[in-house]
Amino acid sequence: MNNNKVSESPILIPKDSYVEGYVKSIKSIRLECAFHGTILTKNKVIIDEASEVTGDIICENLMLFGHVKGNVFCTGRVTMNEGSSVEGKIYTSSFTSLTETNSSFIVQIPKKSILEKSEDF
């Protein structure tokens, strides 16, 4: 068994689940369900199209297909795909929007030193 492949696979929270609270990990996280709380990872977060997150996301990269009501703090890239939406503030070093939905968000690109402080957990 290849240990690198195991370590690269994200933590999957499947559809038909509801999670409330605080998730903290060094691994990538993939949400296919509703989530209420805070997500903190030093890796990637993937929000599937049927997912709705109410709360904050702190991560390296965010691939958004679903919906976020809260703030996003990202040290890398935020990618909003078609059909996704954000109601809140996005703090990131790189932003790509591939969607035309009516989102209510503000994108801010702070100094790199400020983003690096968010990596300390």
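**Strand pairing and a buried serine**

Biologist: E20 stands opposite H36 in β4. What makes β2 and β4 paired strands?

Modeller: Strands are DSSP runs of E with at least two residues, and helices are runs of H or I with at least four, numbered from the N terminus. Two strands pair if DSSP finds at least two bridges between them. Strand β2 (residues 18–25) and strand β4 (residues 34–41) have eight bridges in the parallel sense, so they pair under that definition.

Biologist: On what kind of model does this rest, and how are residues numbered?

Modeller: This is a predicted model, in which local features need pLDDT of at least 70 and side-chain atom pairs count only at pLDDT 80 or more, while totals for chains, interfaces and linings use all residues. Residues are numbered from 1 along each chain as its sequence is written, and side-chain values use heavy atoms, leaving out hydrogens and water.

Biologist: Which residue of β6 is the bridge partner of H36?

Modeller: That partner is T54. Strand β6 (residues 52–59) runs parallel to β4, and six bridges join them.

Biologist: Why is S25, found in strand β2, called buried?

Modeller: Buried means under 20% relative accessible area, exposed over 50%, and partly exposed in between (1.4 Å probe, protein chains only). S25 has a relative accessible area of 11%, so the residue counts as buried.

Biologist: What makes the link between S25 and K27 a polar contact?

Modeller: A polar contact is a pair of N or O atoms within 3.5 Å; within protein, one must be able to donate a hydrogen and the other to accept it, and residues adjacent in sequence count only if both atoms are side-chain atoms. The side chain of S25 reaches the backbone nitrogen of K27 at 2.9 Å, which lies within that limit.
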